[in-house]
Each structure stands twice: as C-alpha cells, then as structure tokens.
Amino acid sequence: MEIFGIGVLSWLTFLPIVGMLAVLMIPKGNEAIVKWTALGITGLQLILAVVVYLNFDPSLSGINNVDSMQFVEKAKWIDVSANSWVGRIQIEYFLGIDGLSFPMVILTALICFIAVIASWNIPKALKGYMAMLLLLDTGMMGVFVALDFFLFYVFWEVMLLPMYFLIGIWGGPRREYAAIKFFLYTLFGSVLMLLAMIALYFSVTVPDAVTGERIHTFNMLAMMDPANYDPNSLLAGMGTTFRSLAYLGLFIGFAIKVPIFPFHTWLPDAHVEAPTAISVILAGVLLKMGTYGLLRVSFPMFPDIATAWVVPLGILAFINIVYGALCAMAQKDFKKLIAYSSVSHMGIVLLGMAAMNTQGMMGAVFQMFNHGTITAMLFLIVGVVYDRAHTRDLDAFGGLAITMPKYTGIMTVAFFAALGLPGLSGFISEAFSFLGAFQVDELRVITIASTLGIVLTAAYMLWTLQRVFLGKPNEKWAGMPDINGRELSALVPLAIIVLVLGIYPSLLLNYMSTSLNHLIDIVRTGGQGMAMLP
Amino acid sequence: MSPDTLLQLAVAILLLPLLNFVVLVFFSKRLPRQGDWLATGVLFVVLLMSIVVLATKLGTYHDETLQRSFPWVDFGNVPGFGPLTLQLGIMVDNIAAIMMVVVAIVSSFVHLFSIDYMRGDVRYGRYFAYLGVFTFSMLGIVITNNFFMMYVSWELVGLSSYLLIGHWFEKKSASDAANKAFIVNRIGDVGMFIGIMILYATFHTLSFDPIFAAIGAGQIPMGSEAWLTAAGILVFCGAVGKSAQFPLHVWLPDAMEGPTPVSALIHAATMVAAGVYLVTRTFAMMTADALVVIAHVGAITAFIAATIAVTQNDIKKVLAYSTVSQLGYMVMGLGAGAYTAGFFHLSTHAMFKAGLFLGSGSVIHAMHHALHHANDHHTDAQDIRNMGGLRAKMPVTFWTFLIYTLAISGVPLTSGFLSKDELLAGTLAFGELTGHMLIPILAFGVAGMTAFYMFRLVILTFLGEHKDPHRFDAVHESPWTMTVPLTGFAILSFFAVFTGTFNPFSAEGWFTDAVQRPASVVPAAVAAAGNEVFGEALHHAHGTAMILSLIIAGTGILLAFVTYYWRKINADAIAEKVKPLYTFLLNKWYFDELYDATAVKGTLALTRAYAWFDATVIDGIVNGTARWTLGVTTGTRNTWEEGNFGAIAYSIAAGMASVYAGWLLASGLAPAEPSLGAIIQYGLLGIGAAGLSFFLFYVGVGGFDNKIVDGLVNLVASLAGFFGIVSRRLQTGRIQTYLALALLGVMVFFLWFRG
C-alpha cells in the first residue's frame, strides 16, 4: 500500500520527522502554530494508523515469513562491497508488520496524539519540546515496523536521545539525575543488545540473490531460521553456551526497557521527573518496546534458550507483579505509585509470554496494548491534579470527588481498569495471561502465587482512590476547577477504547491470533521446518 | 413463546437496568426528579417481564434448559490443539428463572422504597444509577451459562456494592467499609479464579454444560480426583467471599454503612445470595469431600454469626449478622446435599430478609425524623436500646416486621418454616449418611438462636415503652412508597406463595417441582450420596426435623419474651456473669482485630520493607555502580591532566593484556554445552572486558576533554536554536564520554565475534 509512491509504513514512521522539521522552521513566538502543527502531524499519523487497521489482513501470519508480512517495504540501504576485514556488509531498509507489531503501531500513533494534547501548556521552549516529541515518535514507530535488526537498533537509539532531553529539560526538580539515569541504564542495555546483534550478524548468512555467494545479513527473518546459521559460527547449533550468552545479552537489554526487576529503578525516577505527556509516552509505548523486543527478537531467534528459561522468566514475572504491587502500596507520591504499578502490570505481560501458549501470548500482547491505554490515563489523571495543586502528595488531598465530580468519574474508570475490573480491557488481558500460564505445568505454582498481585493491586488502587478522592473535601483545594475540555479530550478517547475492548476484545485480538499462534509454533518447534526466504 | 423469544426477553431483562445506569449517570440532573420514577418504572417493567419468563419457563419448558452460546474470542488455530474459541452465552433453566424473579422483585421494591427514604440526598440520581448497574450485574450472574461471564458479573456486583457502600463517602467509615468489602471479596474471587483456571486448563472451555459433560465422561483435572475436589473448593471460595462465609465474613457487617435499602437489596437478599447460587450452579461437579468442606464452612459461619447477633444492639448489625448466619445456613444445606432446600431457603430468605431490612429502614427513617425534630444529634438512631413501643406509632412497619420475624424463626404458615424445615431435614439426613453429626447439631442450635435474637429485636424495638416520650410524639409511620414494599414482602413471606397449595406443613409445590437436585457428574468413587439414597434419608428425617425445629424455635421465642418482655430473666446480669464470653461475642469474636493485626499490618509492614529495599539496596547498587565508574574515570582523567605518563602506560598495558587473556580464555575454554558455571564465567569475562575497554578508551578520549563532541553539539545547537539550553543545563560531556566508552567496548567484542 503506497501513498504518493511511498509505503504507508514509511509515512507512519517518518511523518513525525517531517513534522519536526516543520516545527523547527516556524519562527519564534508562534506557539499556537507549533502546537497545531504537532497535533496535525500526530493526528495524520493516527489516521494513517486507522487506514492500516482497515487494510490489515488478520489471516496472515508474518513473524518469520516475509510473504505473509504486510505493508512490506524493502530496499537496499547500505551495501559495502566485500573487504578483507568484515566481508560484505548489507543492511536493508526493511519494514513490515504482522499481528505482533500491529497493535503496537496503533498504540504508538494513539498515544503520541494524546501526548500532544497533554503537552498543550508546556511552559518553556515549546518549539524544541514538540520537535523532540515528534522525533521520539519516529523512533518508537520505527522500532515497531523495522524488520532489519540494524534498522531496529537505529530506531531504538533514535528514541533514546529525545527522551533524554525531554526528561532532562522539561522535567521536574531532579530532572538531570533522572535523565542521566534513564540514559545510562538504557545505553547499558542497548550495548548488550548490540553485542548480541553483532554476534547474530556474523553467524547468519543468506545467499545473494544474484551471485549465490553467502553473505552476512541483519535480516531478522533470516535470523529466525536455524538453517541460515553458519555451522562454524559463534551461534550455530542449539542450546550452546554462546547462544545462552547472546540470549542473556538481548534479555538484559530488553529487560531494562520493560523494566524487569532488578533493572527497574530508573522507571520511578524518570516518571516522577518527566512532564505528564512524557510519562504518558514512557508508560504507554516505551515500556512495550522491551516486551516487544523479547517477542520479536529473543523468542523466535533463540527458541532453544527461550523454552529452556521459561521458569526463570516466570519467576521474574512473579517478582515484577508482587514486588511492584508491594512497592506501589508504600508510595506517598501519586506518580511514583503509578510508576510502580506499571512494574506490576508489565509483570503480567511477562507471565503471559512465559506461558508460550495461545492464551498466554494473546493475553501478553493484549496486556501490552491495554497497559498502554490504561496507564496513559492514570498519568494524565495525575497530571490534571498536579497542574492545579502543584503537589503529588497522596495525603495532601481528600474529597476531590466533591470538588471535581467529572474528574472523579473518569478517574474511576481508569482506576478500576487498572485493578482489572471485568468489563474493562485490562481484565481480559490479565485473565488470559493467567489462564495461559496456568496451563504450563512448570508455571502453575508461580501463577497461583502471582494471583496475590490481583488482591494487592485492588488494595493499593482503592486505598489511593480513598485518600485522594473520598472523605471530606480538603478546604485548601476548595476552589479547584474541575477537569477542562482539553484534558477531557485526552482522557475520554482512551476511556472509550478501554471500555469497548473490555466488552468486545476481538476488535484487537482477532488481528493478533494468527501471528501469535505462528510465533508459538516457531518457538515450540525450535524454528525447524519453517519456510524461509532471504 | 418460542425458546428464542424467551431468551431474547431474558436479554432484555438483563439490559434494561444497564440502560437505567447509563441514562441516569449522564443525564440524571436533567431528568425530572433526577429520574427516580423512570428507574423505578423500568424496574417494575423488568419485574413483569421476568414473571412472564418464569411462567413460560415453568409452563411450557418445565424440564428443558434453554441456552444459546456465541463465540466471543477466537484463539485461532492453536498449535498442538486446533481451532479454539471462547464461547459465552446465556441460559435460562428453572433456578435461573426463579432467581431472576427474586432479583427483580427485591430490586423493584427497593427502588420504590428508596424514593422517599433517600429524598434530599446529595447524590440522589447517582444512587439510582448505581442500583441499575447492580441489578444488571446481578442478573448477569443469574442467566449466564459459563464461568467467564459468571466471574465478570461476580466482580461487577462487587463494584456496585463498593459504590453503594461508599455512597456517603464523606464519612471515613463508609469509604473504609467499601474498600474492605471490595478487597475481602477479591480474596475470595482470586480463589474462584484459580478454580476456573484449573477447569480451563483441563477442558479448554468455560461453559458449564461441556465441563460437566466432560467430567461425567471421566475426564478430570490433571487426571486426579484431588484436583477435582480442589477445583470445587476453589470455585466455592468465590462464594465464601460474596456470601460472607467464615473466614471472609467480616466485610458484610461493615457494609451496613451503605444506605439501608441497599443493605436490603445487595447485602441481604440478592448479591450475598450469589455465592449460594454459584454453589447450586456448580453442585453437579462437587465431590463428596468438597461438599463436606462446604457444609462445614456454612455451619461454622451460621454458628459464629448467630452468637454475635445475640449481643448486638444496632438494629442493622443484628440483621447483618442474621444474614451472615442464614447464608451459612444455605451453604451448609447445599453442602449437606439438600440442593432443593438450599435454593428454597435462598428464595424465601430473600423476601423476608429484604423485608426486615426495609422495615429497619422505616424505623431508622422515623427515628431520624424524631431525633431531628427533638434537635437531638447525639442519640444513635439505629440503637435498639433507644427504641421501644414503636408498635403504636408505626403499625404497618410493626406488623410486617413481625411477619418477617416469624418467617425467619421458622414458625408455621410462613415460607421460612417450610424452607428451614427442609434444610434441617437435609442436615439430619447428611449426618446420618456420613456421620458428620456436627452439622445437624449446629443447624438446630442456630435455629434456636435465630428465633431468640430476632424476637429480642422485635421486642426491644416495637414493644414495651419508648425510652423518651417527647421524642416518641414525633415518630410517624412512613409514607406509602415505603409501606407498600413492606406489605409486598410480607405477603411474599407466606407459605402458599412458594407452594401453590394450602398445606402449610408441606413444601411440596411448584417450587420443589421446578428445583430438582441434579445428578452428580463426578466419578462414583468420590461422589456424595446419590439422589435416591439421599432422598430416602431425607424422607426419614422429615418428621423428626419438623418436630425438633418447632420445639427449638418455640423455645427461642419464649426465652426472648421471658427475658426482654416479661423481664423474668435479667439479661444484663447474665451478661455480667459471663463477662468474658459476652465481651468476646460483643466484639464479634475479635475477627477484625485479628485480621488487622496480621493481614493488614503485616502487608503494610511488608510494603514499607520492600519500598526501603527498593530505594536503598537495589537503587543503591545502581547509583553505587555509577559513582564508582565516575570515580574511576575521573581518576584517570586527572592522571592524564597531571601528565603522569607512567600510570597511563601501565593502564594501557594492563588493559591490552586483559583483553588478550580474555580472548585466549574465550577461544580455549568454550564448552559446547551450556552450564551455569560457563555462563557465569563468560558473563564475568564479558563484564571484565567491557570494563577494561571503557577504562582504556577514557584514557584516549579524556585528553581531548570532549572538545570534538562539544563542538559538534554546539554546531547543532546553533542550527536548531534550542540545543543551547541543553549544553547549559546538562553535563553533556559525561554522557558523551559514556557513549564513546560503550562504543569502544562494542568494538572489542566485534573483533572477538568476528574471529
């Protein structure tokens, strides 16, 4: 599918860069134009995402099969002819989506649009802010559509820099600490990922279409086929030490993004300091890049190691769920509480993934989407009250339900969605993740233990709700205005999505099932017998 | 009426209350009287429709189960299994049809009652909206044919209960009670969820009939009967939470913080009975062991709650514990195998207990009014010690309240007599068949206590003299919107309603015909006594049970009159004599204190410990590593700036040597098979090599003092016009250095992998 001769995925990915350039060219003092440009660009991107949604064929599997990838764009990007040192380097501009990346593409477009609405009142250097936000948008979208590992890595790093500036410049009092921590942590992770990527590159060869000469490749799909591994290479064979090491490297790289315990401490700091819209993006999209990476890269490329390490992954999932919930309960800062709740909710994604069966995997990917919408709502909600009161202390409020009834109404939807109330989308993904994990013998005990998280989540969510919204109104905030139209326009679409997907999840699940079943098949059969095209 | 029409009608019944919610929550401010009559009217329409459904079901499709399923989620072609979907659907069988009418009656009457009871409330429209969402979710529990929708509705009634208990959320006690209700219920729900997971892992469906059919065909969870028992007990955990069974009963008495009509609807008649309904739904898959557990949980609950109810002085608290006790009764009956009796008692109890609560609401309403009139803001309007003599002023309330009390005490001519007698006979039969004699003993004991404390309530509230004549003058009977529902429930407490015959001593009638115990599907070796054996034992136990229950109820009532009406026995003196026991009961067996000291305090302590651990240990390691790295790099930089070439040369040499050693190790020692040792070894090696290269690179780059990178940044800054802020505000140099270091580390590995 092409628009003006350019593929729709390229449009989706690079439209924000165009927007960024446009924003930078707007002369100083035209803040309104900057804002509307950014909104227009992300709005256009969202429309494109809807177009993709309408044209997406849910019956195609993708994952390791280029023929059933959709909206594929493939072009030679870097092709350095053979030299004595590294051989021939061929890097492709290779984009495409399947049922695994599709929900993330929709989510990214949606969250970025919402984030621009939430950024309406940025007090300083709005132009730079919007430019960075749009660059970030490109980076995130690129990660989800790239099928060449090098390209994937480039987008991964592109995303890092604007995030660093967005927290470091427009953040709260400890923004520099938080930004550097975020940056170094992610950098540490991406270095490990880079190592694994290089190891993969030197292990995998595909025949050149013209000469038949075997050349190294960054093609992710090629990396999923064991037949492409050079028998003498580092990662050849199955279940070798080097493969375990490479998997571990990738895993840590992705784990930091998720974040998985014990690599999670950058998250509360980053969230607390980041401006509202950036928290929304951070929780809404960025965290999913970690779990997406595990599913797109680690699982299909290292099925031998992934299946062998199911129990450790399950244990980490359990720790994330329960530890995150317990830490959340102890927080006094509203935003920190939501940040830890993210740790807990991402644990559910991990649990579903560890199951490696249909219910678990669908639950996991659906939970990635739902966590994106629900936590985005939660951060927007914190933002609303912070903008008015300039404090996030949970004990400083009380009785907001009386002063701000509309706000309380929309908050109730978000809070109950977060605690997994049936009828709202979060419940279905949680239930499926648990249902999936429970079916795996090795994970049964872990799953039962993890259900503790369900109770704890209800406890801290309701306790927070009680402290902030119920009780007698605090006279200090007596004149606080209720939520305004702009804030509602960011929250209401999300609330509608949460509700609609809670009642009829097939609107999204149907688009994932074929691909995820195929992915499970690859992981289960260790990548054997898969048709592979270079 | 065709089955499809009937099911469509059932769906309409389900959705109409939801419509109420949607309309009222958004538009109640714009509707006349905030939409109270609209909501009430819709509910009466629902009532009519549900009666039509019941009549048709019993008339035309008496022995059929009408159901329709539809695929809700398509899992696609599941590897190793084949195509799989998750089916949802609705089902109308006899118990669903009866339960639907029960819910509709109580809900519509409570709507009507609330109009005057809640008049002038701050969130009047919101209140009716929540009643709507509750009725919807409750009906969802009733007409589902699968565990998934059951669980969904199960949690949604929990939500509406939470919202309504916390209706007056300005009061801390109300919001506390709401939280407690939701969280305690969640604990039970998690048990139920695990039970559902066991079933799903085995049967790959959540619909009742296919699961029961599969068990009947010999397929059991994990191939073990113990798992089947576990599944049964875990599913029952949901009922333990929702129906306030021991040990999760603590939330229900606190739930009385909600408006009284809500207590009648949710916390007496319908939602709390959902647990009992769940047990009837899943009765067929319960093993004998599971049923014994269920019977004992019920009996213990019934006993504990009854002993507490004897000592309480708050009119709603007495009724609350009475509810807990009666729910325990029903659960006990089902556990004992008296399926029909358990469900029968659920239905009769719903009528008279809703009536009792509405009656207490009427009393509280009048007391409030009188206290307000007397400008008294200290006296507790709900304390029965402040009442007495209300009979003269509130005749309708009194007479209806008396009828309900007779029913709950099991006096002939009432519906309660029939259902209670059936239940008691069931426990006797169970005791004879299995030897668990504790069950019938507790059952009869509780019957006596119930009669005693209920008549204590009636005597102290309505009979005797009022404590304050001045206040008494201002007491008035409630308006018609309140007395009509009271009368309605009183009529529904007569035996004939539930039998359709004129024999007050026999439960045989349309109800017992419609509700027949289903055949057990569990393997014969672990099944409870079959329908015929149990029926036989039940038949024998009947006469004994009836005589015993009459004697015991009579004794209880007599004792209440002797103590509280004729005052031949001094209750206070007895309480003084057994003070420890009295205090123990008055404080509700100290369950709240126990849970607070263990579960609540324990969790809070744990959260603080973990938060400390997270901030100090985990983050401490992270920051410590950063500081250490910074220290090392700054150290090197200083060395460079001081011009100590010896030290630099040394570090370069050391670094190169280490990398070479690492390379040798890697190529020489690489084992073919992965082992933990090897992985740790390589991990350490990798970290060592990376660290070294970081270290080395700094020596090279540090000297440039970031001139090149800073220059680049400044160039971009002047172009973009905002990077200036960046370089001023952030120590970009440090970041760039790390970036460069990382790059060098990667390059070292690059070389390694290439070889």
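Two strands pair if DSSP finds at least two bridges between them. The exercises below use a predicted model.

**Exercise 1. The strands of chain B**

Determine how strands E1 and E2 of chain B are arranged and how many bridges join them.

Solution.
- Step 1. Chain B contains 2 strands, along with 31 helices.
- Step 2. Count the bridges: E1(B) and E2(B), the latter spanning residues 82-92, are joined by 11. With a cut-off of at least two bridges, E1(B) and E2(B) pair, and they run antiparallel.
- Step 3. Take one bridge as an example: B:Ser69 has B:Gly89 in E2(B) as its partner.
- Step 4. Look at the connection. E1(B) and E2(B) make a hairpin with 3 residues between them, and B:Gly80 in the turn has a positive phi of about 80°.

**Exercise 2. A:Met20**

Decide whether A:Met20 is buried or exposed, and find which residues outside its neighbours within four places in sequence are in contact with it.

Solution.
- Step 1. Locate the residue: A:Met20 is part of helix H1 of chain A, residues 8-25.
- Step 2. Apply the cut-off of 20 or more C-beta atoms within 10 Å. A:Met20 is buried because it has 25 C-beta neighbours inside 10 Å.
- Step 3. List the contacts, leaving out neighbours within four places in sequence: A:Ala131, A:Leu134 and A:Leu135.
- Step 4. For a distance across the chain, take A:Tyr460, 440 residues away in sequence; its C-alpha atom is 40 Å from that of A:Met20.

**Exercise 3. The largest nonpolar core**

Identify which residues touch the most other members of the largest nonpolar core.

Solution.
- Step 1. The core has 462 residues, and A:Val105 and B:Met100 touch the most other members.
- Step 2. Helix H6 of chain A, residues 175-203, contributes the largest share of this core, 20 residues.
- Step 3. Examine B:Met100. Beyond its neighbours within four places in sequence, B:Met100 is in contact with B:Ile13, B:Ser50, B:Val53, B:Leu54, B:Leu139, B:Val142 and B:Ile143.
- Step 4. Turn to chain B as a whole: 52% of its 755 residues count as buried. Among contacts in chain B with a separation of 6 or more, 80% join residues 24 or more positions apart.

**Exercise 4. The contact between the chains**

State how many residues each chain gives to the contact and which element of chain B gives the most.

Solution.
- Step 1. Chain A gives 67 residues and chain B gives 62.
- Step 2. Elements of chain B that each supply at least two residues include strand E1 (66-78), helix H5 (147-165) and helix H26 (591-642).
- Step 3. H6(B) gives the most to this side, 13 residues.
- Step 4. Sorted by class, the side of chain B that touches chain A has 45 nonpolar, 10 charged and 7 polar residues.

Conventions
Residues are numbered from 1 along each chain as its sequence is written. Chains are lettered from A and ligands numbered from 1 in the order in which they are written. This is a predicted model: local features need pLDDT of at least 70, side-chain atom pairs count only at pLDDT 80 or more; totals for chains, interfaces and linings use all residues. A nonpolar core is a set of buried Ala, Val, Leu, Ile, Met, Phe, Trp, Tyr and Cys residues joined through C-beta atoms within 7 Å. A residue is buried if 20 or more other C-beta atoms lie within 10 Å of its own, exposed if 12 or fewer, and partly exposed in between; C-beta atoms are placed from the backbone. Helices (H or I, at least four residues) and strands (E, at least two) are DSSP runs, numbered from the N terminus. Two residues are in contact if their C-beta atoms, placed from the backbone, lie within 7 Å. Ala, Val, Leu, Ile, Met, Phe, Trp, Tyr, Cys and Pro count as nonpolar, Asp, Glu, Lys and Arg as charged, and the others, Gly among them, as polar.
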